[in-house]
Amino acid sequence: MKAAVLDGIGSAFEVREVELDKPKSGELLVKVAASGLCASDLNAVDGKRKLVPFPAVIGHEAAGVVVELGPDVTGVAVGDHVIMSIVPSCGTCEYCASGRPNYCSTAGNAMSVGGLFDGTSRLSQNGEKLNHFLTVASFAEYVVVPASGAVVIPKEMPLDRAALISCAVLTGYGAVVNTAKVEAGSTVAVFGCGGVGLNIVQGARLAGATTIIAVDVTEEKLELAKKVGATHVINAASADPVAEVKKICGGVDYAFEALGRESTIQQAWGTVGVDGTLILVGLMKNGATITLDAGPFVNEQSIKGCYFGSANLRKDVPALVNRYLSGELFLDELISERIGLEGLNSAFDRLRAGEGARNVLVFD
Ligand SMILES: [Zn+2]
Ligand SMILES: [Zn+2]
């Protein structure tokens, strides 16, 4: 099969013919239909975070059609449509046993060695091992993935839009609904309106927030933010977002930072009102530290981390698909471009430059 192989940090994707072994126990072979280009892919390409050994096949925001079941797989059938996620779970480690499957240590160990749950890879090229990215590795025509990370979706759900649900939407919507638990009538500010930030905006709309302030430095993304639910937008390239948010509502109940940058975290912290919360959604560079004004703590402000929108795959994915099919969740608007494997390098250049919302790799 064809896959886009990345030989190391900073190298370009090369489309090559690679081998993919059959699924082992608990695994699925899936024909990839679509894979969104996410900031976590870019972090791996640029080395901002060390997420996978090289050479590797990356990509993780994916949806497709099940082609073959490995032994011991239940609840999925050949021909089912599935989204694939970066949070498969073994069901038996201490995190899985304590109800925190998104922190499954078996999955974490597998990811760190570029393998699946038994630590080995199904991917190779001329007999040389290729590494799986976050157990998904979806910049390829086919993937073998742990069945526990896949969720069956109805066939009327378009697969390119379903792919977005598997990472950007779960993360953004989940940050609002699961992590922050935003209540109806709340005031919200969102710093960074890329794939995840726009889904924080629409998560806030779906949660019933009445003031939703989107902050970015590009007009194109601010226009999109308005389409998916922002009541106010601030272009931080030409205005001080902290002063502008204070003018609008004094200070927000919830500020979300979706970029993983110290400067925007400091700005977001400056917009949090009395008893408000800052939620850090953007992933920071390995080893990063942040300095914050300690003043607000006296007003009972707090800061909360967030991983993968504290998502519950089995509960949140069906709910989000239903919300798309009923017209409440906007996904069509978020896809700025559909590309093939050969288009990955230029699409990542656009993502690096902050252009567009979501580029999606699609296969016929
Ligand atoms: Zn992602
Ligand atoms: Zn586990």
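## The open sheet

In this predicted model, six strands make up an open sheet whose order runs β15-β14-β13-β16-β17-β18, with parallel pairing. The edge positions are taken by β15 (232-235) and β18 (302-305), and because each of these has a single partner strand, one side of each is left without a neighbour in the sheet. Direction ignored, neighbouring strands of the sheet are turned by 20 degrees against each other on average.

Within this arrangement, strand β13 (residues 187-191) is joined to strand β14 (residues 211-216) by five bridges in the parallel sense. Valine 188 has isoleucine 212, in β14, as its bridge partner.

## The surroundings of lysine 221

Lysine 221 lies in helix α6 (residues 219-228). Since 23 other C-beta atoms are found within 10 Å, and 20 or more suffice for the term, lysine 221 counts as buried.

When residues up to four places away in sequence are set aside, lysine 221 touches Cys193, Asp216 and Ala357. Glycine 354 is 133 residues apart from lysine 221 in sequence, while the C-alpha to C-alpha separation of the two is 9.2 Å.

## The crossing of α4 and α9

Helix α4 (residues 159-180) and helix α9 (residues 313-325) have axes that come within 10 Å and cross at roughly 110 degrees. The angle therefore places α4 roughly perpendicular to α9.

On the α4 side the contact is made by Arg161, Ile165, Val169, Leu170, Tyr173 and Gly174, and on the α9 side by Asp316, Val317, Leu320, Val321 and Tyr324. By character, the residues of this contact between α4 and α9 comprise eight nonpolar, one polar and two charged.

Note on methods: Residues are numbered from 1 along each chain as its sequence is written. Chains are lettered from A and ligands numbered from 1 in the order in which they are written. This is a predicted model: local features need pLDDT of at least 70, side-chain atom pairs count only at pLDDT 80 or more; totals for chains, interfaces and linings use all residues. Helices (H or I, at least four residues) and strands (E, at least two) are DSSP runs, numbered from the N terminus. A residue is buried if 20 or more other C-beta atoms lie within 10 Å of its own, exposed if 12 or fewer, and partly exposed in between; C-beta atoms are placed from the backbone. Two residues are in contact if their C-beta atoms, placed from the backbone, lie within 7 Å. Two strands pair if DSSP finds at least two bridges between them. Axes are lines fitted to C-alpha atoms, for helices over the stretch in contact, and angles run from 0 to 180 degrees between N-to-C directions. Angles under 35 degrees count as roughly parallel, over 145 as roughly antiparallel, 65 to 115 as roughly perpendicular and the rest as oblique. Ala, Val, Leu, Ile, Met, Phe, Trp, Tyr, Cys and Pro count as nonpolar, Asp, Glu, Lys and Arg as charged, and the others, Gly among them, as polar.
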